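Colleague: I am new to this structure. Please take one part, the packing of the helices, and go through it closely, with a word on the loops at the end.

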Amino acid sequence: MIPDSDIQTAREWLAGASRVAALTGAGISAESGIPTFRGPGGLWRNFRPEDLATPEAFHRDPNLVWEWYDWRRGLIAQARPNLGHYALAELEQKMGGRFMLITQNVDGLHNRAGSQRVLKLHGDIWWTLCTACGDVTSDYRVPLPELPPRCAKCGGLLRPGVVWFGEALPARTWEQAEEAARSCDVLIVAGTSAVVYPAASLAPLAKRYGARIIEINTEETPLSGAADLCLRGASGELLPRIIAS
Ligand code: BJW
Ligand code: ZN
């Protein structure tokens, strides 16, 4: 049970902030029915996500990796944004250009909730990238008619337009995320295990530059000790409480 005083403190910090940023992870979409990576339901056919979200896995067996993504695309297509996504969209409505949302999620639910200032650190599950000609396009078909999908321009093998382990994050997006972390007065970190880098370095960066960190998570994380306020619970319940007017 979270004391009302903690909710009140978070509300005061947000009300007094010139700039706010939020970093989200898979936990914010858990209440929409999308499994997290490291929690219950994160396993697919007994594979760990860490063994599938790599260029090596794709090189070894593109079909297997695509089957996993096709399954997740199906879940996401059926899902709807939850109150946590909507609360962050409302915060952007209130703060405009003084708010930035940084997400590790590839599910697009923040956009579907109305957020527009979204930095997608790990790409988007609806994007495809041609391994032969580099063409990037969007494909919303569920399920995909052919696995692995082929490039309409050159017939090359397509891969999901996401960032796997060992791959660099999109450079401009990362620069903007660092800038948002350095310039915010409050950083909300919601629904991430804070173990995947470089995303996990944004909270320490924000703190070094003077921001207060509010962590919202059902569990303790490696970030919890450095957070100024830890709100233990579901983001779909807590984000509306700290954001709604
Ligand atoms: C709730 C809730 C509810 C549940 N309410 N909460 C420094 C140190 C150590 C290692 C490294 C380092 N720097 C780089 C590395 C290596 C690696 C890394 O971090 N490894 C660690 C795991 C050890 N990083 C990389 O490889 C990155 N690239 C890189 O660094 O490149 C360097 C380079 C530079 C130049 C050239 C070349 C290379 C890339 C990382 C890419 C991660 N990709 C994935 C897949 C994306 C596509 C896809 O979705 O398929 O991103 S992996 C996966 O993990 C996904 C996620 O975005 C990411 C983070 O997971 P997240 O969101 O935190 O989810 P969970 O499941 O872990 O946590 C959910 C949380 O929610 C839990 O805490 C729950 O308690 C909570 N929760 N319900 C609130 N209702
Ligand atoms: Zn191509």
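Modeller: The account below starts with one helix, goes on to its partners and ends in the loops. The model is predicted, so local features need pLDDT of at least 70 and side-chain atom pairs pLDDT 80 or more, while totals for chains, interfaces and linings use all residues. Residues are numbered from 1 along each chain as its sequence is written, chains are lettered from A and ligands numbered from 1 in the order in which they are written, and side-chain values use heavy atoms, without hydrogens and water.

Helix 5 covers residues 83-95; helices (H or I, at least four residues) and strands (E, at least two) are DSSP runs, numbered from the N terminus. Its 13 residues reach 18 Å from the first C-alpha to the last, close to the expected 18 Å (1.5 Å times one less than the number of residues). Buried in helix 5 are Gly84, His85, Ala87, Leu88, Ala89, Leu91, Glu92 and Met95 (buried is under 20% relative accessible area, exposed over 50%, partly exposed in between, with a 1.4 Å probe and protein chains only). In an α-helix there are 3.6 residues a turn, so residues three or four places apart point the same way. The buried residues of helix 5 pack against strand 1 (20-24), strand 2 (99-103), helix 6 (109-112), strand 7 (186-190) and helix 9.

Of these partners, helix 9 can be followed further. The axes of helix 5 and helix 9 come within 7 Å and cross at roughly 25° (axes are lines fitted to C-alpha atoms, for helices over the stretch in contact, and angles run from 0 to 180 degrees between N-to-C directions). Helix 5 is therefore roughly parallel to helix 9 (under 35 degrees; over 145 is roughly antiparallel, 65 to 115 roughly perpendicular and the rest oblique). On the side of helix 5, Leu83, Gly84, Ala87, Leu88, Glu90, Leu91 and Lys94 meet Ser235, Gly236, Leu239, Pro240 and Ile243 of helix 9 (contact means heavy atoms within 4.5 Å). By type, the residues of this contact of helix 5 with helix 9 are seven nonpolar, three polar and two charged (Ala, Val, Leu, Ile, Met, Phe, Trp, Tyr, Cys and Pro count as nonpolar, Asp, Glu, Lys and Arg as charged, the others, Gly among them, as polar).

Helix 9 (residues 235-243) also packs with helix 1 (residues 4-16), at about 55° and with the axes 8 Å apart. That angle makes helix 1 oblique to helix 9. Asp4, Ile7, Ala10, Arg11 and Leu14 of helix 1 meet Leu238, Arg241, Ile242 and Ile243 of helix 9. Six nonpolar and three charged residues make up the contact of helix 1 with helix 9, with no polar ones. Ile243 thus belongs to the contact with helix 1 and to the contact with helix 5.

Now the loops. Between strand 7 and helix 8 (202-208) lies Pro198, joined to Tyr197 by a cis peptide bond with omega near 0°. Ala194 is found in this loop as well; its phi is positive, about 55°, although it is not a glycine, and at 13% relative accessibility Ala194 is buried. Arg45, in the loop between strand 1 and helix 2 (49-52), has a positive phi near 50° and is exposed, at 53%. Another cis bond, with omega about -10°, joins Leu147 and Pro148, and Pro148 sits between strand 5 (136-138) and strand 6 (158-162).
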